[in-house]
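Let's take a walk through the open spaces in this protein and see what lines them.

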Amino acid sequence: MAKTFFVTGTDTEVGKTFVSAALLHAAGAQGRRTLGLKPVASGCEQTPDGLRNEDALALLRYATVKLPYAQVNPIALEPAIAPHIAAQQAGRTLSAPRLAGLCRGALMTPHDFSLVEGAGGWLTPLNPREYLSDLAAILDIPVILVVGMRLGCINHALLTVEALRGRRLRLAGWVANQLSAEVMPQLADNLETLSARISAPCLGVIPRAEAPDSPNVQTSLRLASLFD
């Protein structure tokens, strides 16, 4: 049975896509059929083929199942701003049930491991009443939390975990992503605090690297618990 997870982060620009791509590559290297979805993305660029988002393209690149771009990223918005505002400016309305339907359609493609990546953090609005977290709830899939290792990450991570519990969603694990080549002060102490307070496995401590398939990234991942 295919394993599907929703990927969220403690904030925007914490490396959700880098970690998602690394997980897809690692699962693919184990012989699993993988696919990644970015159902809504802002900050897309105009190309001869239409709007394209670099995060969605990265998921497509590192997945072994090559879906059409429109299935990977069905809602592509040009301004690099909050998705619900970008949608308003484009005269569109975002809806969690509609996004869930689009994801379910793509997830019907045969595969073994899939990731549905959010945008921004856990409570990124979709419209006046819904958040991207509602998409995870409707799909009823476990969540992987990417923690950007910088000052304030403990507070942001624990608030996200608390919000997850409030929605009765399962946290499958968390990934500590180092955001710069300069190691965060007291990194080990921060990791120890997070491990002690998050009741889900740490799936890896990712070093700063050029590419998700870098050996030092791949050897830092621990995927076993995702397939239990």
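**Two pockets and their walls**

Start with the second largest pocket: strand E1 makes the biggest contribution to its lining, giving 3 residues. Keep in mind as you look around that this is a predicted model. E1 covers residues 3-9, and E9 also supplies at least two residues of this lining. In all, 17 residues line the second largest pocket, and if you want to find its centre, look for Ala2, Lys3, Thr4, Phe5 and Pro142, which lie nearest to it. The space there comes to about 310 Å³. As for chemistry, the lining of this pocket splits into 10 nonpolar, 3 polar and 4 charged residues.

Now move over to the largest pocket, which holds about 900 Å³ of space. Several elements give two or more residues to its lining: helix H1 (16-29), strand E4 (45-47), helix H2 (54-62), strand E7 (113-121) and strand E9 (171-178). So which element supplies the largest share of this lining? That's H2, with 6 residues. The whole lining of the largest pocket runs to 38 residues, and those nearest the centre are Glu13, Thr17, Lys38, Glu54 and Asp55.

What does that wall look like by residue type? The lining of the largest pocket has 16 nonpolar residues, along with 11 polar and 11 charged ones.

One strand is worth a second glance. E9 is among the elements giving two or more residues to the lining of the largest pocket, and E9 also supplies at least two to the lining of the second largest.

Terms used:
Residues numbered from 1 in each chain as written. Predicted model: local features only at pLDDT ≥ 70, side-chain atom pairs only at ≥ 80, totals over all residues. Heavy atoms only, no water. 1 Å grid on protein atoms, 1.4 Å probe; cavity = no way out; pocket = protein on both sides within 12 Å on 5 of 7 lines; lining within 4 Å. Points joined across faces, edges and corners; volume = space filled by probe spheres on them. Helix = DSSP H or I, 4+ residues; strand = E, 2+ residues; numbered from the N terminus. Nonpolar A, V, L, I, M, F, W, Y, C, P; charged D, E, K, R; others polar.
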